[in-house]
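Reader: Please take one part of this model and go through it closely. Keep it brisk, and give me the cut-off behind each term you use.

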Amino acid sequence: MSGISLNFDNTHFVHTRGMEEMTEEALRASVDLYAGTQVREIIFCVNAQRASFDSAVWESWLSGFDAKAGPEQPLLAPLDAKAREALHSRLMKAAALREKGIDLFACLLARAREKGLSAWLSMRMNDMHFSNRLDHPSHSTLWRTRPDLWRAGGRPVATGLDRAFDYAQPEVFDHHFALVREIAERFDFDGLELDWSRHFHFLRPGHELTDAPVLTRFVRQTRELLRDKERRAGRALRLGVRVPETPRTACGLGMDAVRWAREGLVDMIVPTPQWYSTDFNMPVAEWKEWLDGTGVLLGAGFERAVQPHLHWPHGGIREQPASAEVVRGAAATFLQQGADRVYLFNYFDRETSQLGGALYSAGDPGILAEIGDLDTLAGKPRRHLVTHQDVLAPGEPPNSVLPLTIEAPAPGGARLAQVRLMTGPRPTQGRATIFLGFKDAAPPQDIAVYVNGRQGQPLGEQPVPPPAPAAPPHAWALPLDAFHDGYNLLEILSGSPCAIVWVEARFDP
């Protein structure tokens with residue numbers, strides 16, 4: 001049975017609620033809105049570089065914070081005024097929960113189970129937020145003071161991700177496994193997720209394959225820990241992992257997820273992007289085939305943002321929050337290929353400055369009542385974008401179609417460009433439209449658009465709601481029967497040079 005897995009960010013509650021809501025009643029209400037929707041697993045993240053609870057083995061998000069002092073205190077001093085106020089507000093709310101004796105995650109887990117949801121915890125395995133700011137208050141003392149534990153190894157640090165912990169060093173391995181053990185001993189959960197996608201780098205450059213057994217050993221030891229907890233609890237506990245979008249990239253970063261499945265170490269695998277964009281071309285069908293016979297659930301990872309390509313300063317488009325129509329499009333694409341779950345990450349139930357307006361909220365489940373099943377997606381407007389793979393293994397070539405340049409053809413000829421469109425099941429009624437955004441705003445006069453050999457009828461400039469290219473795209477109408485289920489080939493013929501920075505197919509009922 002398909003459905004939705006939803007990751008509940010470790011800052012979700014304190015970030016989106018006011019001080020007056022730091023109560024058990026409000027905590028329970030923040031879970032209640034998922035009851036009766038298509039959410040099957042609700043997965044509460046418990047950490048970044050610090051634990052988001054009073055840990056005995058890690059610093060917590062409140063370590064060094066003085067709840068009796070204002071924003072102008074030593075822990076927050078490195079931040080500018082706006083960031084200092086924002087972090088002070090979140091930590092004050094966390095401190096208020098602690099002062100009232102409220103165990104954040106124990107309360108969330110219990111309420112989820114009361115509402116019939118499978119209640120999970122998620123551990124971020126190498127969170128690297130603010131990695132270019134050594135003095136940021138979210139960092140742990142171990143990370144800040146021990147650069148010898150970073151993955152850069154013997155060369156100078158070139159990017160923030162070079163400062164990720166190197167799991168091949170026993171001290172790093174033991175530091176993280178201590179938190180796994182504490183989580184297992186302290187909390188009553190149905191499943192534990194090892195989030196290898198926050199962030200994706202764990203081993204020294206050039207050692208991702210030779211040191212990959214270290215990550216497999218970590219997964220194996222976690223499985224053994226959960227089996228011991230199962231025996232004591234008298235019920236099965238599941239183990240999930242989030243990994244890069246393709247097995248090739250995952251293995252190139254040291255994560256042999258298919259092997260983990262075949263050895264019976266994991267119960268759910270979620271290939272996923274990192275941040276910039278949900279990848280409509282993620283090879284879900286291939287993952288499904290590779291996992292055949294293992295019994296492992298396959299979740300297809302969504303991010304809250306979408307982006308056609310990474311080169312946004314050079315005529316492209318920066319990441320933008322996904323709309324409901326875009327989320328429906330991605331869900332239809334992944335479910336049609338066999339995903340057991342659509343997995344939502346960074347989806348908040350209230351508006352945030354970074355992620356835009358909420359796509360669901362209390363009293364209005366929105367996409368949570370639609371995207372977990374193809375039957376409930378049927379008849380809804382959806383958009384299918386051409387995006388990109390935003391995480392690659394070191395040395396792996398970029399996986400991005402856009403920007404697409406059609407050079408000047410030979411005299412009297414036309415130049416052909418081809419784009420792969422993944423559009424899920426073909427609707428039985430309604431209309432289909434192809435949208436192309438051009439770097440120079442207007443397309444050539446002699447351009448023609450085909451889908452699977454059927455020519456589209458030009459509609460001229462047709463603005464689209466966000467997410468959208470910088471300049472309004474141009475549109476072509478096509479009959480629905482021009483499309484196949486799943487994979488479609490878009491062909492663009494032009495007798496004049498042009499640069500395309502946006503491609504999408506839209507289905508409207």
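Author: Two strands count as paired if DSSP finds at least two bridges between them. Strands are DSSP runs of E with at least two residues, helices are runs of H or I with at least four, and both are numbered from the N terminus. The model is predicted: local features need pLDDT of at least 70 and side-chain atom pairs pLDDT 80 or more, while totals for chains, interfaces and linings use all residues. Residues are numbered from 1 along each chain as its sequence is written, and side-chain values use heavy atoms, without hydrogens and water.

The part I take is strand 20, residues 498-508. Start with its cover. Buried means under 20% relative accessible area, exposed means over 50%, and partly exposed lies in between; the probe is 1.4 Å and protein chains only are considered. By that cut-off, 11 of the 11 residues of strand 20 are buried, so the strand is largely enclosed by the rest of the structure.

Now the partners. Strand 14, residues 431-438, pairs with strand 20 in the antiparallel sense over eight bridges. One pair there is Phe438 with Ile500 of strand 20. Strand 11, residues 382-385, also runs antiparallel to strand 20, and four bridges join them. Within that pairing, Arg383 stands opposite Arg506. Strand 12, residues 404-406, is joined to strand 20 by three bridges, again antiparallel. Here Thr405 faces Ala499 as its opposite number in strand 20. As background, side chains in a regular strand alternate between the two faces of the sheet.

Follow the link between two of these partners. Pro403 sits in the loop between strand 11 and strand 12. The peptide bond from Leu402 to Pro403 is cis, with omega about -5°.

Arg383 leads on to another site. Contact means heavy atoms within 4.5 Å. Ser323 touches Arg383, and also Leu359, Pro466 and Pro467, leaving aside residues up to four places away in sequence. Ser323 itself belongs to the loop between strand 9 (320-321) and helix 11 (324-336). Its relative accessible area is 11%, so Ser323 is buried. Two of the residues that Ser323 touches, Pro466 and Pro467, share a cis peptide bond with omega about 0°. Pro467 lies in the loop between strand 17 (457-461) and strand 18 (474-478).

A separate sheet can be set beside this. It is open, has four strands in the order 13-19-15-16, and pairs antiparallel. Its edges are strand 13 (415-422) and strand 16 (454-455), each paired on one side only. At one edge, two bridges join strand 15 (residues 448-451) to strand 16, running antiparallel. Tyr450 is opposite Gln455 of strand 16 there.

Two backbone angles deserve a check. Asn346 is not a glycine, yet its phi is positive, near 70°. It lies in the loop between strand 10 (341-344) and helix 12 (374-377). At 11% relative accessibility, Asn346 counts as buried. Phe130 also has a positive phi, about 60°, without being a glycine. Its loop runs between strand 3 (118-124) and helix 5 (141-145). Phe130 is partly exposed, at 45% relative accessibility.

Last, the whole chain as the setting. It holds 12 helices and 20 strands. The radius of gyration is 24 Å, close to the 23 Å of the globule rule for 509 residues, so the chain is as compact as a globular protein of that length. That radius is taken over C-alpha atoms, and the rule is 2.2 Å times the number of residues to the power 0.38. The C-alpha trace spans about 75 × 50 × 50 Å along its principal axes. Of the 509 residues, 57% count as buried. Among contacts between residues at least 6 apart in sequence, 78% join residues at least 24 apart.
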